[in-house]
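Trainee: I'm new to this one and would like a close look at a single part. Could you walk me through the pockets, and then show me what sits around them?

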Amino acid sequence: MRKLKVGIIGAGQIAEMTHIPNYFKYLEFVETVSVMDVNLDRAKYIAEKFHIPYYFSNYEEMLEKLELDAVSVCTPNKFHAEAAIAALNSGCHVLCEKPPAVSADEAERMTQAAKENGKILTYNFHFRYSEEIQAIKKFIVAEELGDVYAAKIEALRRRGIPGWGAFINKEIQGGGPLIDIGVHMLDAALYLMGYPEVDYVSASTYRRIGDKAGVGLMGSWDPKQFTVEDSAFGYIRFKNSASILFQTSFALNMKERSIMNVHLFGEKAGASVFPPAIYTEKHGNLLDIELPFLQEADRHSKSIRHFIEACLGNEAVLCTAEEGLMIQRIIDAIYRSAEIGQAVKL
Ligand SMILES: NC(=O)c1ccc[n+]([C@@H]2O[C@H](COP(=O)([O-])OP(=O)(O)OC[C@H]3O[C@@H](n4cnc5c(N)ncnc54)[C@H](O)[C@@H]3O)[C@@H](O)[C@H]2O)c1
């Protein structure tokens, strides 16, 4: 069997720590042939570190010169769309980092390019591959929660403003905690609820801590460069009458250092995801079900493996381009609602 030829666009931290090492775990199916970064020294360093034969500072050139089958897009958010579309147009399947893009317009064009070229476009929402989420999903599919009519999501840090990268730069990232960490829990909740159609969104965003000097638990940052929200709170209402309450923050005066969780509320039972538990009523008693013996899953490894299987035609992708577009529409609507101080219909 011919191996998939894979290229990497954007050779930063996530490419080095996650994408490339995981492609190397599946050598029987994949050959990582090239790495591209606008910073040629960085591309060269990563190519040499992993013994990858080619490196480039221009992805058009890489896509033209090498006949790649698949590409990982690991650039900062602002460049996801143009890189993914170029790769799709050159006949590659694409695994793009999260969030899909910095606007729904871009995500729409990416989805369109995937459709027109008949190629896979999927996103690295790796929390979906956790044992916890997969375990809760089984309870939902077996209808043991009944109709899940409400959810609460939290992606909160007490003082977790990243002191590296472009995470505080609105222009490059498209936003702050909502688009960076909130997006993972939002995707997890939507996945568990079956991606219902959104009716409207109502939200508030704040910049009350990040724009001032202060204690950092994830490095130090320059408050003058802090152009994103430090918190976003709100409500999503779906056409089937279900709702999600969300809270996401890089810096919030709360007790815990960090919370990442999804809570689901169904007619027959509720559930929390981290750690996984079911809250229900049986034989006249209230009952909590815990799952203490789950094995920890390497979510990134599973996500990459799944992408490879999808490229080989063995499995359907877990996260579709359309779901990525929907999440980007919700993010746009959250920022818009916060800006105009009103609910935004989708
Ligand atoms: N799935 C996750 O949990 C997770 C975790 C971390 C980062 N990410 C995502 O991965 C992406 C990259 O994050 P990172 O932490 O690796 O950032 P990073 O800053 O470490 O790396 C980004 C790299 O992209 C390069 N680059 C910039 N513009 C480019 C362009 N136009 N074309 C090619 N390369 C370009 C930079 O030179 C840099 O080497 C972001 O979208 C981020 O949200 C996802």
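Mentor: Sure, and keep in mind that this is a predicted model. Let's start with the second largest pocket, whose lining is made up of Phe-127, Ser-130, Glu-131, Glu-132, Phe-274, Leu-294, Gln-295, Glu-296, Ala-297 and Arg-299. Sorted by class, that lining has 4 nonpolar, 2 polar and 4 charged residues, and the space inside comes to about 170 Å³.

Now for the largest pocket, which holds about 1100 Å³ of space. It has 42 lining residues, and those closest to its centre are Gln-13, Ile-14, Cys-74, Thr-75 and Phe-167. Several elements give two or more residues to this lining, among them helix 1 (13-25), helix 4 (80-89), strand 7 (148-157) and helix 9 (299-311). By class, the lining splits into 20 nonpolar, 15 polar and 7 charged residues. Where is it in the fold? The largest pocket lies between domain 1 (4-123 + 301-316) and domain 2 (128-296), because both give residues to its lining.

Two of those helices also lead us to a sheet. Helix 1 lies across strand 1, strand 2, strand 4 (70-73) and strand 5 (93-96), at about 175° to strand 1. Helix 9 lies across strands 1, 2, 4, 5 and 6, and runs at about 165° to strand 5. The sheet itself is open, with 6 parallel-paired strands in the order 3-2-1-4-5-6. Its edges are strand 3 (54-56) and strand 6 (121-123), each pairing on one side only. Strand 1 (residues 4-9) is joined to strand 2 (residues 30-36) by 6 bridges, and there you'll find Ile-8 opposite Val-35.

Technical notes
Residues numbered from 1 in each chain as written. Predicted model: local features only at pLDDT ≥ 70, side-chain atom pairs only at ≥ 80, totals over all residues. Heavy atoms only, no water. 1 Å grid on protein atoms, 1.4 Å probe; cavity = no way out; pocket = protein on both sides within 12 Å on 5 of 7 lines; lining within 4 Å. Points joined across faces, edges and corners; volume = space filled by probe spheres on them. Helix = DSSP H or I, 4+ residues; strand = E, 2+ residues; numbered from the N terminus. Nonpolar A, V, L, I, M, F, W, Y, C, P; charged D, E, K, R; others polar. Domains from an automatic or database assignment. Pairing = 2+ DSSP bridges. Contact = heavy atoms within 4.5 Å. Axes fitted to C-alpha atoms, helices over the stretch in contact; angles between N-to-C directions.
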